[in-house]
Amino acid sequence: MENLTIALRSIMKNKNRNLLTMLGIIIGIASVISILAVGDGFTQSITKELGKDNASNKVSLSYVTNSTDLNSIDGFTQGDAALMSDVDGVQSVKLSSYDNTKSVKLSYRGNSSKTYLGPIKKSSDGPKNVKKSILNDKNSYDVIISQSVKKDLFKKSSAIGKPIQIGEDMFIVRGVSDGGDEYSANVLVSKGTYKRIFSANSNKDQAKLTIENGKNKKKVSKAVLKKIKANGEYRREGKYHIDDPTKSMKSFQKVLNSVTYFVALVAGISLLIAGIGVMNVMYITVSERRNEIGIRRAFGATGNNIRNQFLTESIVLCVIGGIIGIILGYLAVLIINAFLPFKAVITIYSILISLLVSSAVGLLFGFIPSNKAAKSSLVGLLKEE
Amino acid sequence: MLKVKNVGKTYANDFKALSDINLEVPDGEFLAVMGPSGSGKSTLINILGLLDNDYTGDYFLKNENYKNKDDATLSGVRGDKIGFVFQNFKLLSSYTVYENIEIPLIYSKSKTITDRKSVIDEVIEQVGLQGKENNLPSELSGGQQQRVAIARAIVNNPNLIIADEPTGALDSKTSLEIMNIFKHLNETFNTTIIMVTHDQEVADFAMRTVHIRDGRLYENEKSVVSD
């Protein structure tokens, strides 16, 4: 306690010098705090996702074909579904389309175009001048076509209100959207219409399994995968795999890890430089206060007392720097959060780590100067003015 | 209470600062050590004050030999049994009068924090510095600063006070005041005082005077170790 007062007093006496010395610690700790916050935030968001995934007893399998003609390969067949439900532990199997598009042929007065058709996902997908009611009506025969389709079918004339043939049905063009490319849907219909007319015979490239309660989800899904790989109807035309919801996160984690290493390096270097600065300032302090050390020693302070006094001062100096660093790190995290897809969080654990690291720097780099103070010859100390 | 036997001190450069010093100081004595500069006075009182442990011979304090004791023991004895007064006061300039006097109590094992204030108030009164508790040394005169130093030396109620030219930086009037304080301490509390001085007037306050010349001790100008 006495040492703490002495330390604070001495630090306050040389405010500027000590603030500059702390700068390295401040930068180092701020980096440590912010990178830990990003890491922790990321881990928390993953755990949340995984928790969702783990809590459910659902697994999904995908089929990816090697063939270029998407429509000729169905992916999972009803036979495959039956096969999979036979596996021990599988409660039910539901087939669905992973990608909601269908290859279609459009024609208008002898002009034709081959492209993909899909359902409107959100009403915001369509052009703004199209009435939302049209897009939500499941019985409508309304379509929105992309600029490229419009060019193919109508050239330079207007497309709005014109009838086009899709498969065997006639549709009315209600709008032209800006977007659309070779691979995504260039023709949009309402969800209901898509389901009613096109979805019935679309590819089933996704199988959603429900696992019986109490069964090992991983084991069961592996058994299913093995079975479908051996017996699936279209096994020769494509590949089956278990969907991993954490896959995209894993690649992000890789990026995060390299960022972490970089920031850790920066933090490490700045803490090292800070440590050397602390050592330097402690050497100065000790030599400036030889008289004080001599007086304290003469009046009963042991060498250990003196060492502890200066060690305390060095640690307090670093911890103050650490606390400022934590505050700066907190501000940095507020800024970082504006650019992150998840929320970086500062945990108690990372604050403790920071305080521990800064105390360790103080202890480590304060030791030699403090020891020097403790070991100085008493007669020599008292001779000085 | 204090006995020095065949003490010698040779510095690294082969300079013999002290040789064959034999000295006995009974409890309650006020001893003056005189001698020209460079004679070994300071070396002797550094040994007597347990500030210097690098010497030959033996040193008994209250019948205990303090030769070759470890730092913790020596520091403990310095803190609890010995008080120092230096020529240039040696006060901490950024500490108040009160805080300067408090220093020995910080390291003393015998006083708890709670009775610090009453002890300090008492010694401040003894040296006549009431009302100056919160002043910095720079705000005091030389004589007042030396009173602070004396208060600091006696705050732990030591058996022995070692004073190294306590009036060396003071004018003669102030010197007399300071010497009267020492005399009072010696007479009232039976505190043993060993004082180094080169001022005969100051030495006259002591009961006995010894002289050091070229590292040897003489009593009344006569060698104690007559060979």
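These are my notebook entries on a predicted model with chains A and B.

**Entry 1. Chain totals**

I began with chain A, which has 385 residues, 38% of them counted as buried. I counted its secondary structure as 12 helices and 10 strands. For contacts in chain A between residues at least 6 apart in sequence, I noted that 84% join residues at least 24 apart.

I then did the same for chain B, where 45% of the 227 residues count as buried. Chain B has 7 helices and 11 strands. Of the contacts in chain B between residues at least 6 apart in sequence, 70% join residues at least 24 apart.

**Entry 2. Nonpolar cores**

I looked up the largest nonpolar core and found 113 residues in it. The residues with the most contacts inside this core are B:Leu31, B:Val33, B:Ala151, B:Ile162 and B:Ile194. The largest share of the core nevertheless comes from chain A, where helix H2 (residues 15–55) supplies 13 residues. Another core lies apart from this one and has 19 residues, including A:Leu117, A:Ile120, A:Leu153 and A:Val187.

I went back to B:Leu31 and asked which residues it is in contact with, leaving aside neighbours within four places in sequence. The contacts are B:Val25, B:Ile193, B:Ile194, B:Ala206, B:Arg208 and B:Val210.

**Entry 3. Helix H5 of chain A**

I took H5(A), residues 147–154, and listed its buried residues as A:Val149, A:Lys150 and A:Leu153. Down the helix axis these fall within an arc of 100°, so they line one face of H5(A). I noted that A:Leu153 also appears in the core of 19 residues.

What covers the buried residues of H5(A) includes a set of strands of chain A: S3 (102–108), S4 (111–119), S5 (142–146), S6, S7 (169–177) and S8 (187–189).

The residue that follows H5(A) is A:Lys155. A:Lys155 sits in the loop between H5 and strand S6 (163–166) of chain A. Its phi is positive, about 55°, although A:Lys155 is not a glycine. Most residues other than glycine have a negative phi. I checked whether A:Lys155 is buried or exposed. A:Lys155 has 9 other C-beta atoms within 10 Å and is therefore exposed, the cut-off being 12 or fewer.

**Entry 4. A positive phi in chain B**

I found another positive phi at B:Asn63, near 70°, again in a residue other than glycine. B:Asn63 is in the loop between strand S4 (56–61) and strand S5 (64–65) of chain B. With 7 other C-beta atoms within 10 Å, B:Asn63 is exposed.

**Entry 5. The contact between the chains**

I asked how many residues each chain gives to the contact. Chain A gives 18 residues and chain B gives 20. On the side of chain A that touches chain B, the elements that give two or more residues are helix H1 (2–13), helix H9 (290–298), H10 and helix H12 (378–383). H9(A) gives the most, with 6 residues.

I followed up on H9(A), which is mostly covered, with 7 of its 9 residues buried. Those buried residues are A:Glu292, A:Ile293, A:Gly294, A:Ile295, A:Arg296, A:Arg297 and A:Ala298. I looked up what they pack against and found elements of both chains. From chain A these are H10, H11 and H12. From chain B they are helix H2 (71–81), strand S6 (82–86) and helix H3 (97–107). After H9(A) comes A:Gly300, whose phi is positive, near 110°.

**Entry 6. Helices H10 and H11 of chain A**

I checked how H10(A), residues 303–337, lies against H11(A), residues 348–375. Their axes come within 7 Å and cross at roughly 150°. An angle over 145 degrees counts as roughly antiparallel, and H10(A) and H11(A) are therefore roughly antiparallel to each other. I recorded the crossing as right-handed.

**Entry 7. A:Asp88**

I located A:Asp88 in the loop between helix H3 (78–85) and strand S2 (90–96) of chain A. A:Asp88 has 10 other C-beta atoms within 10 Å and is exposed. I noted the separation of its C-alpha atom from that of A:Val220 as 7.2 Å. The two residues are 132 residues apart along the chain.

Key
Residues are numbered from 1 along each chain as its sequence is written. Chains are lettered from A and ligands numbered from 1 in the order in which they are written. This is a predicted model: local features need pLDDT of at least 70, side-chain atom pairs count only at pLDDT 80 or more; totals for chains, interfaces and linings use all residues. A nonpolar core is a set of buried Ala, Val, Leu, Ile, Met, Phe, Trp, Tyr and Cys residues joined through C-beta atoms within 7 Å. A residue is buried if 20 or more other C-beta atoms lie within 10 Å of its own, exposed if 12 or fewer, and partly exposed in between; C-beta atoms are placed from the backbone. Helices (H or I, at least four residues) and strands (E, at least two) are DSSP runs, numbered from the N terminus. Two residues are in contact if their C-beta atoms, placed from the backbone, lie within 7 Å. The arc is that of the directions from the helix axis to the C-beta atoms. Axes are lines fitted to C-alpha atoms, for helices over the stretch in contact, and angles run from 0 to 180 degrees between N-to-C directions. Angles under 35 degrees count as roughly parallel, over 145 as roughly antiparallel, 65 to 115 as roughly perpendicular and the rest as oblique. A crossing is left-handed if the near helix is turned anticlockwise from the far one by less than a right angle, and right-handed if clockwise.
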